[in-house]
Amino acid sequence: MASGTVLDEIIAGVREDLAVRRAATPPPALEERLAERAPARDALASLRGDGRTLGLIAEVKRRSPSKGDLAAIPDPAALAAVYAQAGASAVSVLTEQRRFGGSLADLDAVRARVDAPVLRKDFVVDPYQVLEARAHGADLVLLIVAALSPAQLQELHAQITELGMTALVETHDLAELETALALDAAAPGGSPLIGVNARDLRTLEVDLARAADVLRHMPSHVLAVGESAVVGVEDVESYAVAGADAVLVGEALVRQGDPSASVRAFRAVARRGRPTIPTREEHA
C-alpha cells in the first residue's frame, strides 16, 4: 500500500479507534458473546435470490470522505426496516466513525430490527474486528484488497468463514481481482462473493469503465457485486450489463425522499449474466 493515500489515512484512524475498543472490551469478552448469537444468515442465498433480478445490498450511510454529510439518519434501524420491507437482499451498516459517522451501536440496532443478512462495512485490518462483527450480529464482513496484504486477506477471510459468516472481498482493478480469486481454495461450501468498487479508495476517483471491465472478467462461479457511483436505476442497469449479480447502494438511497421506492426499482433490474469466462491467464 503506498503511503500518504486517503486509504492510508483512514486506516490509521481505524487502528487508533480499534486500540481503544480492544482495551475496553478484550477479545475473550467478545468470544463469550459469540455463544449467545444465532448462526449467521446465508447471505449468498439471499443475494442470489431467484436468479432473475439483481440482488441489492442497501446501505445505512450518513457520510463519506468523497461527499461529506449525506443524511442524518437518527434511527438507522428504522431505515434498515424500510430497506428490508421493500425487498433488499441484505443491509450494509457502516461502522467506521471518523469518516463515515457509523458505529457498532448502529450495527446492533439494525441487527435487532431486521431479519435480512447484515454486512459490517468497515476497514477491517485485524482479527479483533472480525470477532466484533460476529459478536454484534453481522452475517457478512467487508474485506478490502487494497487495504490488506495477501497474507492478511487470507487470514481474515479464513476467520470470517470459520465463524460462519460470508466475506465480501472488495476489488477495484484486475490485479486485485486476481488476489481475490486466489481465495477460492479458502472458501469451502459456496461461491466466493467479490465486489468491484468503481471508486479507488486511495484517491477517491471514480472510474466506471474500469469497474465494468473487472466485472466482465469475473468467473461465472463468483457472485459479483457492483459498488459505488449509483445515482439512479440507469446506473444499476449499467452494472447489470457489465455482469454484476448484485449492487451495493448507499448514497442514492439515503439522499432520496423515498428509499422504499428506490429499493424496489433497483431490485427489479434484470440480471444479464456475464460474457464468456476468460481464463486467468487472459486477465492476469
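A residue is called buried here when its relative accessible area is under 20%. By that cut-off, Glu59 is buried, because its relative accessible area is 1%. The structure in which this residue sits is a predicted model, and a look at the chain as a whole helps to set the scene before the individual residues are taken up again.

The prediction carries an average pLDDT of 90, and 93% of the residues score at least 70. Some caution is in order at residues 280-284, where pLDDT stays under 50. For that stretch the model has 11 contacts beyond four places in sequence.

The chain contains 13 helices and 10 strands. Its radius of gyration is 17 Å, close to the 19 Å given by the globule rule for 284 residues, so the chain is as compact as a globular protein of that length. Taken along the principal axes, the box filled by the C-alpha atoms is roughly 50 × 45 × 40 Å. Of the 284 residues, 55% count as buried. Contacts also reach across the sequence: among those between residues at least 6 apart, 73% join residues at least 24 apart. The chain exposes about 11,400 Å², with carbon and sulfur atoms supplying 52% of this area. As for charge, there are 30 positive and 40 negative side chains, and the centres of the two sets lie 4 Å apart.

Glu59 belongs to strand 1, which covers residues 55-60. Which residues does Glu59 contact, once its neighbours within four places in sequence are left aside? The list includes Tyr83, Ser92, Leu94 and Lys121, and it goes on with Leu248, Val249, Gly250, Leu253 and Val254. Several of these names lead on to the surroundings of helix 4. Tyr83 is one of the buried residues of that helix, which spans residues 76-86. Pro76, Ala77, Leu79, Ala80, Ala81 and Ala86 are also buried there. The buried residues of helix 4 pack against strand 1, strand 4 (90-94) and helix 5 (104-113), as well as against helix 11 (251-254) and helix 12 (259-267). Strand 1, the home of Glu59, is thus among the packing partners of helix 4.

Both flanks of helix 4 have a backbone feature worth a glance. Following the helix is Gly87, whose phi is positive, near 110°. In the loop between strand 3 (68-69) and helix 4 lies Ile73. This residue is not a glycine, yet has a positive phi of about 50°. Is Ile73 buried or exposed? With a relative accessible area of 9%, Ile73 is buried, because this value is under 20%. Leu204 also has a positive phi, about 70°, although it is not a glycine. The place of Leu204 is in the loop between strand 8 (193-197) and helix 9 (208-216). Leu204 has a relative accessible area of 19% and therefore still counts as buried, under the 20% cut-off.

Helix 7 and the loop that leads to it offer two further residues. Ala146 lies in the loop between strand 6 (140-144) and helix 7. Its relative accessible area is 11%, so Ala146 is buried. Ala146 and Ala24 are 122 residues apart in sequence, and their C-alpha atoms are 29 Å apart in space. Gln152 is found in helix 7 itself, which runs over residues 150-162. At 26% relative accessibility, Gln152 counts as partly exposed, because the value falls between 20% and 50%. Apart from residues up to four places away in sequence, Gln152 touches Arg15, Val125 and Ala147. Between the C-alpha atoms of Gln152 and Pro127, which are 25 residues apart along the chain, the separation is 9.2 Å.

The loop between helix 11 and helix 12 holds Gln256. These two helices were met above as packing partners for the buried residues of helix 4. Gln256 has a relative accessible area of 33% and so is partly exposed. Beyond its neighbours within four places in sequence, Gln256 is in contact with Val231 and Ser262. Gly232 is 24 residues away from Gln256 along the chain, and the C-alpha atoms of the two are separated by 9.9 Å.

Methods: Residues numbered from 1 in each chain as written. Predicted model: local features only at pLDDT ≥ 70, side-chain atom pairs only at ≥ 80, totals over all residues. Heavy atoms only, no water. Helix = DSSP H or I, 4+ residues; strand = E, 2+ residues; numbered from the N terminus. Rg over C-alpha atoms; globule rule 2.2 N^0.38 Å. Buried < 20%, exposed > 50% of the residue type's maximum accessible area, 1.4 Å probe, protein only. Contact = heavy atoms within 4.5 Å. Areas by Shrake-Rupley, 256 points an atom, 1.4 Å probe, with all protein chains shown as cover. Lys, Arg positive; Asp, Glu negative; His and termini not counted. Charge placed at Lys NZ, Arg CZ, Asp CG, Glu CD. pLDDT = per-residue confidence, 0-100.
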